Structure formats: structure tokens, C-alpha cells
Amino acid sequence: MKTSSRTKRRGSEQVLEGLGVAPGVAIGPAHVREAGDLQVAEYLIPAGRVKEEKARLTAATAKAARQVGKLKAKALGIHGLAAEELGYLLEAHSQMLNSTRLVGGIERRIETDRRNAESAVMAEISAIAQEFEAMEDKYLSGRAEDVREVGHRILRCLTDVDYHGFGGLEKGSIVISEEISPADTALMDPREVSGFACVLGGAEGHTAIMARSLGLPAVVGVPGLLPTIRSGDQLIVDGSNGLVIVNPTAGRLAGYARRLKDMAREARSLTRLRNVPAKTRDGQRVVLQSNLELPRELEQASDTGAEGIGLLRTEFMYMNRSDLPGEEEQYEVLAKTVKAMQGRPVTVRTLDIGGEKLASSLGEHFGESANPALGLRAIRLSLKEPKLLRPQLAAMLRAGAHGPLRILLPMITTQGEVRAVRKELEKTARRLIRRGVTIADPLPPLGVMIEVPGAALAADSLAQTADFFAIGTNDLTMYTLAIDRGEEQVAHLFNPLHPAVLRLIQFTVEAALRARIPVSVCGEIAGDPRYTALLIGLGVRELSMTAKAIPRVKSRILSIDMHAAGRRAMMIMEQVDSGRIAALLDDFNETAS
Ligand code: PEP
Ligand code: MG
């Protein structure tokens, strides 16, 4: 971690508060990504990339047209002159987006000038706008503005994703932005970027999860961030306490430097637990596995002694690209993971895209949903689009030939969904065998995420068709309490200790135990030592978390008496107030172990 030599403003220290979502401290120069900054890169492309660029353009114009269609539908709900005016305007935009003149013109610039899609859009839009501006008729010349607006919309859809990552920043920079998406975070290399802070976002959103797994200190939901900070300002991001300190004083810097040293010492001392089995004081064994958000965490999973991968989120394979990963590519990633785990199980989840987790390559499969968290996401999308599900299942079956692999299905709500996937899995297996391909034998166990309240309440029914359960407490809390996990305005209400959430966890665990199928918890609470005693007390014996959290959770398990934890959990389950529940849990954590 390095401090900036480029600090431009030597103004007085300012402390901004937000939600600390990934612990740790980053000290470095600010790199501000301007709001509204489209980061349009213009470059020439080789002949071989023309098709790909045109496909990106098609996806972007289709998305832009869908957005305008939605706006048109919304405009119908308003009345008066403004509505009429808006209706005409949107109709004009929609016609432009569907016009062969505009799209054809952009395509020609990609084909003949070999420009990338963004640059072709800019050139074509500017040419058409100039034609309009040259017209004598005031009304028509004014249409140039509309043309630019449409072009801007297409560019926004094209640059949904920062394909160029965060390379080229001063080493150790801290990224400051209005919003940082999970796909943006996936592009941050912790050797280059030392942390980030943004105005929007909640603690359990995927941006936050990704930051924790990369070990990047992060603070989200910081109002006043953009007006206060300029690129080059020296910053401290305190992800443990939710603080962003601009132009810190020398005293403050020295204090944080000491904290960094203490944290490094603690991390070193925890590495000694790597080969110690996770057992409670009274001998109850607990299996600790790692979640895998990005392949680069694999090494960390081994270093921290993970006993397997409890949740491999496959979304990273779909991010920051404009095409879909094929069977072969997915097989290679999965086979590498299975081999690296050397006989320890790898639980691979089918695509969980939708809601806040949008990958640009899937643009064409999404209608713009007014309520994406309840829309066509996760297993619903996979079952609707065999071209998404089949290559995934085939890759999993093939990778399962190299070691134990389990298949996990996200957002399940009914037995029918599990049966449909099982049928597809068997069909895919038969097809591969016919082709002479080696696959897992027997077929991998098929498990379900319990992350929708309806699934938890029907856990006994789902246990009849599922081979195992993984409780996703992030979504389970979100859907139970109707709190968007990625929304900073309601982040303070997101509470896994709400009695409703705990009852659903308890119900699920009991259903799994009765059906004698394995059950794990893989939501973020699994990696927070505060919750460990409660989960063990409720009968959970498998926890899966970001690899970095394993040593601290293991250390907590070593200090717990399982019977005492069970008694405290029962006492907690009798409570109706989440404040009282939190107090009983914190008291147990402080005193009874
Ligand atoms: C969860 O919802 O708790 C979970 C583990 O899945 P994800 O965070 O990927 O939605
Ligand atoms: Mg989930």
C-alpha cells in the first residue's frame, strides 16, 4: 500500500461516513470515475472482430429499444399535454432505434472503417446530427438533439460494462464512483487497486460480496463522496468502520499505519490454524468450505484450509464480455477447480444471473423487468433458455469426472423445477455418453439453494427431490423482509437476526435432518464469527464462506461448546424481538466461550 506523491489538494481533513462492507484499511490516491462518464474507448478492430462488434451493437440497440418501449408504456399512465409531447418524443426515439438508416450506418462503419462499436456509434450519430442541424426548418434542425440522445442511450447500453478495467491507474489507487457494479469489481486487481468507495449500494449486494472475497476494503452508500473528492486526493478507506477520510492528517495516517500492522499480525497468527480441524470444544466437527466468486480465490481457499468449495458462483464466466461462454470453456474452468481441490468436493451453482447481477452478454435474454429480483432470474432463466443450461450441465458432468462435484440450483421454489433440471441433466449425460465423453459416474448430486421464503417453508417437500440444501441467507433475508440487499437506503433494516429469517433457517435445517440430506449455510453470515454459535446451535454442520473468513470462523468454532450453543439457540428461537435476539447472541459470544 502506497501513499500518493500526486496529492493535489492539501485541504483540511474530511471524514465521510457510509456502510463499511469489506473490512480492512486502504491508503492511497483517489481515482474518481466521473458520474455520467461513459468511458467510451475508440479504437480500430481487426477483420476477425467485426462479427463480434456487430453482435454487441445488436444487443445494445435491442436493449435501448426495450428501455424506450418501457418508457413509452410508463408515459401512457400520465395525462395532459406533457404526456402527449413525451409520447411523440419517445415514438421518435423508438423509430430511430429501429431505423435501418441509423443501425445500418453504424454497422457499415464497423464493417468498412473497422471501428469498434462505440466509435462507430459516435461517428454515425454525429454525421446524422449535423445533417439535421443544417436544415433550415427550426423544428427539423432541433431534432439533432434527439439524435444525440438516442446515440447516448446506445452508448450507455454498450458501455454497461467497463471492458478496459482499471488498468493504468497509479498503483494502490482507491476507486471512487457513483456506483460500482459486481462486474466492475471483478475487474479490480488487488495488486493495482487498494480499495473503493461509492455513493450507491448495500452491504449484501454482489459488489460488496465481491469486494470481501478480493480482500478490497470498501465503503458504499457514502453521500457527498463525489463533490468532496478529486482524483489524486489522498484517501483512507476504512472498510471496517465505514469511513472515507479525505486528506488525512499526519496523526490519522500514523494511527492507520499501526492498525495495518496489527491486522497483518493477526492474519499471520491465524494461518497456524490452517491444518487444525474445525471442532467445537466438546468435539463436534464442523465442515468449513469456501465460496468462490472468482477463480483467483482458489489459491486462497487452499491456503486457508478450505475443505471444499461450498458454492462456486459461475456468474464470473459471463461478466465483462459480449458473448456466452461455451461448454468447452466452462469445462476447462471447472475441471481446473476440481483438480485443484484434490478430492475435496466442489459445489457448482448453475447461472444465477438476473436481479442486480446482470451480465451484458445476456442482454438479449432479458426483458426490462420492473421488478428484477422477482423476475426472470437464476433457475427460471436457465430453464427457459436451454442454450444457457445445457452447456453448463455438460461442463459440470465432464468436470465431475475429475473429482467430486455437486450441482447446486439457485432460486428454486418448486419440486417441478428440480425435476426439470434432473431430466435435463440425465438427457445431457446420455448425449455425452453417446459421444464417448467421460462424465461423472454416478451423476453428481443435485442440490437446491434455499433462499426464497416459499422454498424454506416447503423445505420438507423439496427435500424429497433434492440431494442436498444450501441455505442462501442473503436472498432469504432480502425476500423475507422485503429489503433490497443492494440498496443503501434500507441497508440498516437488513437483519438476518429477524425472528422470521431464523425460523426459516431452523425449519430448513430440521427438514434436511429429517430427510437425512446434507445442509449447509453459504450466505454471508456463514463467514461472520458473530453468527457461528447460533448456526451450530441450530444444527448446521457445514458452513461455506469467502476463503478469507475461514481462519476467524474456525478460531470461533474452537472456542464454542456445542451443547451450550444449542441451548442458547433454543433460547433465541423463543424470542420475538430481533433486538433481544441480538443481545442474547452477543452476550453468548462474549461470555459463554
Ligand atoms: C445467498 O443468496 O445467500 C447466496 C449465497 O447467493 P448469492 O449471494 O450469490 O445470491
Ligand atoms: Mg442468492
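**Exercise 1. Describe the cavities of this predicted model, beginning with how many of 30 Å³ or more it holds.**

Solution. The structure holds 3 cavities of 30 Å³ or more, and the largest cavity offers about 60 Å³ of space. The next step is to ask what surrounds that space: 14 residues line the largest cavity, and those closest to its centre are Arg313, Arg349, Glu451, Asn474 and Arg485. Sorting the lining by character gives 3 nonpolar, 4 polar and 7 charged residues. Finally, in terms of secondary structure, strand β10 (309-313) and helix α18 each supply at least two residues of this lining.

**Exercise 2. Work out which residues coordinate the magnesium ion (ligand 2), and where they sit in the chain.**

Solution. The magnesium ion (ligand 2) is coordinated by Glu451, through OE, and by Asp475, through OD, at 2.1 Å. Locating the pair shows that it links distant parts of the chain, since Glu451 belongs to the loop between β13 (446-450) and α16 (453-457), while Asp475 belongs to helix α18 (residues 473-481), 24 residues apart. As a last step, consider accessibility: both Glu451 and Asp475 are buried. Glu451 also appears among the residues closest to the centre of the largest cavity.

**Exercise 3. Identify the residues with the most contacts inside the largest nonpolar core, and follow one of them, Leu288, to its neighbours.**

Solution. The largest nonpolar core has 121 residues, and the ones with the most contacts inside it are Phe196, Leu288, Phe469, Ile505 and Leu543. Helix α14 (residues 386-399) contributes the largest share of this core, with 8 residues. Apart from it lies another core, of 26 residues, which includes Val50, Ala117, Val150 and Ile154. As a general background to such groupings, nonpolar side chains tend to be buried together in soluble globular proteins.

Turning to Leu288, and setting aside residues up to four places away in sequence, one finds that Leu288 touches Ala278, Ala306, Glu307, Leu543, Met545, Ile550, Val553, Lys554 and Ile557. Several of these recur in helix α21 (residues 550-559), where Ile550, Pro551, Val553, Lys554, Arg556 and Ile557 are buried. The elements that cover the buried residues of α21 include α10 (250-270), β9 (287-292), α20 (529-537), β16 (542-546) and α23 (578-591).

**Exercise 4. Decide whether Phe494 is buried or exposed, and describe its surroundings.**

Solution. Phe494 lies in the loop between α18 and α19 (499-515). Its relative accessible area is 14%, and because this is under the 20% limit, Phe494 counts as buried. Not counting residues up to four places away in sequence, Phe494 touches Glu204, Asn474, Thr477, Met478, Ile483 and Arg485. One of these partners can be placed in more detail: Phe494 and Ile483 are 11 residues apart in sequence, and their C-alpha atoms are 6.1 Å apart in space.

**Exercise 5. Give the location and the contacts of two residues with polar or charged side chains, Glu424 and Gln506.**

Solution. Glu424 is placed in helix α15 (residues 415-434), and with a relative accessible area of 14% Glu424 is buried. Beyond residues up to four places away in sequence, Glu424 touches Leu389, Arg390 and Leu393.

Gln506 lies in helix α19, and a relative accessible area of 17% makes Gln506 buried as well. Leaving aside neighbours within four places in sequence, Gln506 is in contact with Leu538, Met570 and Met573.

Notes
Residues numbered from 1 in each chain as written. Chains lettered and ligands numbered in written order. Predicted model: local features only at pLDDT ≥ 70, side-chain atom pairs only at ≥ 80, totals over all residues. Heavy atoms only, no water. Donors = N, O, S within 2.8 Å, 3.2 Å for Na, K, Ca; no water. Helix = DSSP H or I, 4+ residues; strand = E, 2+ residues; numbered from the N terminus. Buried < 20%, exposed > 50% of the residue type's maximum accessible area, 1.4 Å probe, protein only. Core = buried A, V, L, I, M, F, W, Y, C linked by side-chain atoms within 4.5 Å. Contact = heavy atoms within 4.5 Å. 1 Å grid on protein atoms, 1.4 Å probe; cavity = no way out; pocket = protein on both sides within 12 Å on 5 of 7 lines; lining within 4 Å. Points joined across faces, edges and corners; volume = space filled by probe spheres on them. Nonpolar A, V, L, I, M, F, W, Y, C, P; charged D, E, K, R; others polar.
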